[in-house]
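Work through the exercises below with the sequence and the model open. Each one sets a task and then solves it step by step.

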Amino acid sequence: MKVYLDDERATPDGWVRVYWPDEAIALLVGGSVTHISLDHDLGDDTRGTGYDVVLWIEAQVFTAGFRPPAMQVHSANASAREKMEAGIRTIERVAGRAGTE
């Protein structure tokens, strides 16, 4: 399953749309997510941001041996994108997947 976390953009064909980090995490817990594309700003920071998903994946990789899906960021927020991509690089390095996607 390909998961697309965003509050405004059109969902690409073949992707499952979620609006909030907890929805994305619930799908990740299910174990069938192969790809995830993340926006940062989701319209209500009290419900979380795309970075929260990156942090969750990172924690699971470090503590539970979680195998992360292929990850990408499609946020227009440049500083948040940089922070999220740095987290993804760390996840990929720790999970042994750097350069495989």
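**Exercise 1: aromatic pairs**

The model holds 2 aromatic pairs, where rings of Phe, Tyr and Trp (its six-membered ring) pair if their centres lie within 6.5 Å, and planes under 30 degrees apart count as stacked, over 60 as edge-to-face and the rest as tilted. This is a predicted model, in which local features need pLDDT of at least 70, side-chain atom pairs count only at pLDDT 80 or more, and totals for chains, interfaces and linings use all residues. Residues are numbered from 1 along each chain as its sequence is written, and side-chain values use heavy atoms, with hydrogens and water left out.

Task: classify each pair and place its rings in the fold.

Solution.
- Step 1. The ring centres of Tyr4 and Trp15 are 6.2 Å apart and the planes stand at 75 degrees, so this pair is edge-to-face.
- Step 2. Tyr4 belongs to strand E1 and Trp15 to the loop between E1 and strand E2 (16-18), so the pair ties together parts 11 residues apart in sequence. Helices (H or I, at least four residues) and strands (E, at least two) are DSSP runs, numbered from the N terminus.
- Step 3. Tyr4 is buried, at a relative accessible area of 7%, and Trp15 is buried too, at 19%. Buried means under 20% relative accessible area, exposed over 50%, and partly exposed in between (1.4 Å probe, protein chains only).
- Step 4. For Trp56 and Phe66 the centres are 5.4 Å apart and the planes at 75 degrees, so this pair is edge-to-face.
- Step 5. Trp56 sits in helix H2 and Phe66 in the loop between H2 and E4, so parts 10 residues apart in sequence are tied together. Phe66 is buried, with a relative accessible area of 19%.

**Exercise 2: the nonpolar core**

Task: which residues of the largest nonpolar core touch the most other members, and which elements each supply at least two residues?

Solution.
- Step 1. The largest core has 23 residues, and Leu28, Ile36, Leu38, Val53 and Ile57 touch the most other members. A nonpolar core is a set of buried Ala, Val, Leu, Ile, Met, Phe, Trp, Tyr and Cys residues joined through side-chain atoms within 4.5 Å.
- Step 2. At least two residues each come from strand E1 (2-5), helix H1 (21-30), strand E3 (35-38), helix H2 (50-64), E4 and H3. H2 gives the most, with 5 residues.
- Step 3. Beyond four places in sequence, the contacts of Ile36 include Val3, Trp15, Leu28, Val53 and Met71, contact meaning heavy atoms within 4.5 Å.

**Exercise 3: the two sides of H1**

Task: where do the buried residues of H1 fall, seen down its axis?

Solution.
- Step 1. Pro21, Ala24, Ile25 and Leu28 are buried in H1.
- Step 2. Down the axis, the buried residues fall within an arc of 100 degrees, so they line one face of the helix. The arc is that of the directions from the helix axis to the C-beta atoms.
- Step 3. The cover over these buried residues includes E1, E2, E3 and H2.
- Step 4. On the face turned away from the buried side, Ala26 and Gly30 are exposed.
- Step 5. Just after H1, Gly31 has a positive phi of about 85 degrees.
- Step 6. Val33 follows in the loop between H1 and E3 and counts as buried at 11% relative accessibility. Leaving aside neighbours within four places in sequence, Val33 is in contact with Met1, Val3, Leu27, Leu28 and Pro69.

**Exercise 4: His74 and Asp39**

Task: is His74 buried or exposed, and which side chain does it join in a polar contact?

Solution.
- Step 1. His74 is in the loop between strand E4 (70-73) and helix H3 (78-95).
- Step 2. With 13% relative accessibility, His74 is buried.
- Step 3. The side chains of His74 and Ser37 are joined by a polar contact of 2.6 Å. A polar contact is a pair of N or O atoms within 3.5 Å; within protein, one must be able to donate a hydrogen and the other to accept it, and residues adjacent in sequence count only if both atoms are side-chain atoms.
- Step 4. Apart from neighbours within four places in sequence, His74 also contacts residues including Tyr4, Arg9, Asp39 and Arg81.
- Step 5. Asp39 lies in the loop between E3 and H2 and is buried at 4% relative accessible area. Among the residues that Asp39 touches are Arg9, Gly50, His74 and Met84.
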